[in-house]
Amino acid sequence: MRFYQFQTMADETPSTECFWFTNRAEAERERQRVIREEGVECHDTRAFDIPTTKAALLKWLNNWGNPDGMGCN
């Protein structure tokens with residue numbers, strides 16, 4: 001299952017925000033809106049192929065998940 005994500009760049013705040021989408025076009029529209037309207041710098045949109053079986057999903061979460069939020073590295 002493919003999802004798309006971008007995250008804001010931290011300035012003086014300790015963490016960033018992550019935004020997840022089911023298609024790249026929607027992710028890019030929202031990323032551009034955040035940059036334009038909120039004046040926040042963002043990392044490029046990334047694609048994540050998230051597995052759907054329990055064992056593979058657990059492995060994926062152990063690689064990509066963290067205490068600040070999924071996919072925020």
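Helix α1, residues 24–38, lies across β1, β2 and β3, and runs at about 10° to β1. That packing is a handy way into this structure, which is a predicted model, so every value below is computed from predicted coordinates.

**The overall plan**

Going along the sequence, the pattern is β-β-α-β-α, which comes to two helices and three strands. The chain has 73 residues, and 22% of them count as buried. Its accessible surface comes to about 5100 Å², with 52% of that belonging to carbon and sulfur atoms. As for contact range, take the contacts between residues at least 6 apart in sequence: 49% of these join residues at least 24 apart.

**The sheet**

The three strands make an open sheet in the order β2-β1-β3, and the pairing is antiparallel. On the edges sit β2 (18–21) and β3 (46–49), each of which pairs on one side only. From one strand to the next, the twist averages 30°.

Strand β1 covers residues 2–7 and is joined to β2 by four bridges, the two running antiparallel. Four bridges also join β1 to β3, again antiparallel. If you want to check the register, Tyr4 is a good place to look: Phe21 stands opposite Tyr4 in β2, and Ala47 stands opposite Tyr4 in β3. Further along, Gln7 has Cys18 of β2 opposite.

**The core**

Which residues make up the largest nonpolar core? There are six: Tyr4, Phe6, Phe21, Ala27, Val34 and Cys42. Both β1 and α1 supply at least two residues each to this core. In soluble globular proteins, nonpolar side chains tend to be buried together.

Phe6 is worth clicking on. Leaving out residues up to four places away in sequence, Phe6 touches a list of residues that includes Phe21, Ala27, Val34 and Cys42. Those four also belong to the core. The contacts of Phe6 take in charged and polar neighbours too, among them Glu17, Glu30, Arg31, Asp44 and Thr45.

**Four residues up close**

Here is how four residues compare in relative accessible area.

| Residue | Relative accessible area |
|---|---|
| Gln5 | 1% |
| Phe48 | 3% |
| Arg31 | 10% |
| Ile35 | 27% |

Start with Gln5, which lies in strand β1. Gln5 counts as buried because its relative accessible area of 1% is under the 20% cut-off. The side chain of Gln5 also makes a polar contact of 3.4 Å with the side chain of Gln7.

Phe48, over in strand β3, is buried as well, at 3% relative accessibility. What does Phe48 touch, not counting residues up to four places away in sequence? The answer is Met1, Arg2, Phe3, Gln5, Trp20, Trp60 and Trp64. One of these, Trp60, is 12 residues from Phe48 along the chain, and their C-alpha atoms are separated by 10.0 Å.

Next comes Arg31, found in helix α1. Is Arg31 buried or exposed? Arg31 is buried, because its relative accessible area of 10% falls under 20%. Two polar interactions are listed for its side chain: Arg31 reaches the backbone oxygen of His43 at 2.9 Å, and a polar contact of 3.3 Å joins the side chains of Arg31 and Asp44. His43 and Asp44 turn up again among the residues that Arg31 touches, along with Phe6, Cys42 and Thr45, when residues up to four places away in sequence are not counted.

Ile35 sits in helix α1. With a relative accessible area of 27%, Ile35 is partly exposed, because that value lies between the 20% and 50% limits. Not counting residues up to four places away in sequence, Ile35 touches Val40 and Cys42. Ile35 and Thr8 are 27 residues apart in sequence, and their C-alpha atoms are 9.0 Å apart in space.

**Pulling it together**

Cys42 is a useful residue to follow through the picture. Cys42 belongs to the largest nonpolar core, and is touched by Phe6, by Arg31 and by Ile35. Meanwhile, β1 is the strand with β2 and β3 on either side in the sheet order, and helix α1 lies across these three strands.

Key:
Residues numbered from 1 in each chain as written. Predicted model: local features only at pLDDT ≥ 70, side-chain atom pairs only at ≥ 80, totals over all residues. Heavy atoms only, no water. Pairing = 2+ DSSP bridges. Axes fitted to C-alpha atoms, helices over the stretch in contact; angles between N-to-C directions. Contact = heavy atoms within 4.5 Å. Core = buried A, V, L, I, M, F, W, Y, C linked by side-chain atoms within 4.5 Å. Buried < 20%, exposed > 50% of the residue type's maximum accessible area, 1.4 Å probe, protein only. Areas by Shrake-Rupley, 256 points an atom, 1.4 Å probe, with all protein chains shown as cover. Polar contact = N/O pair within 3.5 Å; in protein donor to acceptor, adjacent residues only side chain to side chain.
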